[in-house]
Amino acid sequence: RILKENMRAIDIAARYGGEEFVAILPETNKKGALTLAERIRKRVEKESFEGNKQQPTVNKTVSLGVATYPIDATTQPKLIEKADQALYRAKRGEGIG
């Protein structure tokens, strides 16, 4: 829901693995993708998610990695690899990018 609310009609969001999502942003440069990623990160951080009896609401954070075609890579496998590398940099606290 948060992804859809923050993306344009031409953008595509999909689950990519268990806890990972991918956003395809046509006609978006790296700066625009980073801006969207930061907006989504902040929005998730503010959201209260339904929990369980022991913990009725839960707050979550997300780590995001951004890679753009053709700046970061020119093939699908390399683009995914670059996005994954950026994701792990974010998980280490090195920022989105």
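## Thr68 and its surroundings

Outside a window of four places either way in sequence, Thr68 touches Asn29, Lys30, Ala73 and Leu79 (contact means heavy atoms within 4.5 Å). The model is predicted: local features need pLDDT of at least 70, side-chain atom pairs count only at pLDDT 80 or more, and totals for chains, interfaces and linings use all residues. Residues are numbered from 1 along each chain as its sequence is written, and side-chain values use heavy atoms, with hydrogens and water left out. The protein chain holds three helices and four strands (DSSP runs, numbered from the N terminus: helices are H or I with at least four residues, strands are E with at least two).

**Overall layout**

- Along the sequence, the order of elements is α-β-β-α-β-β-α.
- The C-alpha trace spans about 50 × 30 × 20 Å along its principal axes.
- The chain has 97 residues, and 19% of them count as buried (buried is under 20% relative accessible area, exposed is over 50%, and partly exposed is in between, with a 1.4 Å probe and protein chains only).
- Take the contacts between residues at least 6 apart in sequence: 38% of them join residues at least 24 apart.

**Surface and charge**

- The exposed area of the chain is about 7,200 Å², and carbon and sulfur atoms supply 52% of it (areas come from the Shrake-Rupley method with a 1.4 Å probe; for residues, only the protein chains shown count as cover).
- There are 18 positive and 13 negative side chains (Lys and Arg count as positive, Asp and Glu as negative; His and the chain ends are not counted).
- The centres of the two charge sets lie 2 Å apart, with each charge placed at NZ of Lys, CZ of Arg, CG of Asp or CD of Glu.

**The loop between E4 and H3**

- Thr68 sits in the loop that runs from strand E4 (57-59) to helix H3 (76-91).
- Thr68 counts as buried because its relative accessibility is 8%.
- Pro70 belongs to the loop between E4 and H3.
- The peptide bond from Tyr69 to Pro70 is cis, with omega near 0°.

**Helix H2**

- H2 covers residues 30-46, which makes 17 residues.
- At 1.5 Å a residue, H2 should span 24 Å; its end C-alpha atoms are 25 Å apart, so the two values agree (the expected span is 1.5 Å times one less than the number of residues).
- Ala33, Leu36, Ala37, Ile40 and Val44 are buried in H2.
- Viewed down the axis of H2, these buried residues fall within an arc of 100°, so they line one face of the helix (the arc is that of the directions from the helix axis to the C-beta atoms).
- An α-helix has 3.6 residues a turn, so residues three or four places apart point the same way.
- Helix H1 (2-6) and strand E3 (48-50) are what the buried residues of H2 pack against.
- Lys31 and Lys46 are exposed on the other side of H2.

**Ala37, a residue of H2**

- Ala37 is part of helix H2 and is buried, with a relative accessible area of 6%.
- Ala37 touches Leu64, Val66 and Ile96, not counting residues up to four places away in sequence.
- Ala37 and Val62 are 25 residues apart along the chain, and their C-alpha atoms are separated by 9.9 Å.

**Helix H3**

- H3 has 16 residues; the distance from its first C-alpha to its last is 22 Å, close to the 22 Å expected at 1.5 Å a residue.
- Ala86, Leu87 and Ala90 are the buried residues of H3.
- They fall within an arc of 105° seen down the axis of H3, so they line one face of the helix.
- Asp84 lies in H3 and is partly exposed, with a relative accessible area of 33%.
- Asp84 and Val66 are 18 residues apart in sequence, and 8.3 Å apart in space from C-alpha to C-alpha.
- Gly93, just after H3, takes a positive phi of about 85°.

**Strand E2 and the loop after it**

- Val22 lies in strand E2 and counts as partly exposed at 33% relative accessibility.
- Neighbours within four places aside, Val22 is in contact with Ile12, Ala13, Ala14 and Tyr16.
- The C-alpha atoms of Val22 and Leu64 are separated by 9.6 Å, with the two residues 42 apart along the chain.
- Glu27 lies in the loop between strand E2 (21-24) and H2.
- Phi of Glu27 is near 55°, a positive value in a residue other than glycine.
- Glu27 counts as exposed, at 80% relative accessibility.
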